[in-house]
Amino acid sequence: MNRDLKFVKDDSCIARLNTTFKCQRCAECCEYEIFPSEQDIMRLANFSPRCRSLVQYDETRKVYSTLKTESQGHTREARCTFLDGKNCAIYAARPSICRAYPFFPIAERDLDSLRITFPADAVCVLDSTTKIKYLVFYDPECPGIGKGGLVDWNNVVQLSFECQT
């Protein structure tokens, strides 16, 4: 099937210096599988020993996962094992990727190689150790964007580093 696709130049998902955010605890972002780091698992174990037992190690993929599959009538729904209805049972100790959401820092050099340009007022964080610049993107569907206070961009980038360890 051929579709009539049109290129749309839209930079609305690039974080600006004046971007505001406050988590609305709507649980929309909890419908994804996440892979907690060792640091996340230790934080969860300190929060509640029972939490550690809910994170499963996937031997095939060699990752820890928070995925829980539930039956909803005839369909199976994937969601985080720590989600209780629309309430995150571990919000205070949630994994780094959850803390960073809805923001996604991407190394500027990766964007350069794709020839992606960005607005002058885009958020750009410099890692003083590696001298790598990170541009910050966000999920425009997140209802917390535009609410609350200004974002601590250094913290967002730091959280993204924790997700990788």
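**Close-ups from a predicted model**

**View 1. Cys13, a cysteine at the partly exposed level.** In this predicted model, Cys13 has a relative accessibility of 25%. That value puts Cys13 in the partly exposed class because buried means under 20% and exposed means over 50%.

**View 2. Cys23 and Cys29, two sulfurs that don't pair up.** Start at the sulfur of Cys23 and look for the closest cysteine sulfur: that one belongs to Cys29, 6.2 Å away. A disulfide needs the two sulfur atoms within 2.5 Å, so this gap is too far for a bond. By this rule, the disulfide count comes to zero. As for solvent, Cys23 is partly exposed, at 31% relative accessibility.

**View 3. Arg16, a buried arginine and what it touches.** Arg16 sits in the segment before strand 1, which covers 20-21. Its relative accessible area is 17%, so Arg16 counts as buried, the cut-off being under 20%. The Arg16 side chain reaches the backbone oxygen of Ile14 at 2.8 Å. Skipping residues up to four places away in sequence, Arg16 touches Asp11, Pro119, Asp121, Ala122, Val123 and Trp153.

**View 4. Phe47 in helix 1.** Helix 1 runs over residues 38-47, and Phe47 is part of it. With a relative accessible area of 40%, Phe47 is partly exposed. Once neighbours within four places in sequence are set aside, Phe47 is in contact with Ala89, Ile90, Ala92 and Ala93. For a backbone distance in this view, take Phe47 and Arg94: they lie 47 residues apart along the chain, and 9.5 Å separates their C-alpha atoms.

Technical notes
Residues are numbered from 1 along each chain as its sequence is written. This is a predicted model: local features need pLDDT of at least 70, side-chain atom pairs count only at pLDDT 80 or more; totals for chains, interfaces and linings use all residues. Side-chain values use heavy atoms; hydrogens and water are left out. Helices (H or I, at least four residues) and strands (E, at least two) are DSSP runs, numbered from the N terminus. Buried means under 20% relative accessible area, exposed over 50%, partly exposed in between (1.4 Å probe, protein chains only). Contact means heavy atoms within 4.5 Å. A polar contact is a pair of N or O atoms within 3.5 Å; within protein, one must be able to donate a hydrogen and the other to accept it, and residues adjacent in sequence count only if both atoms are side-chain atoms.
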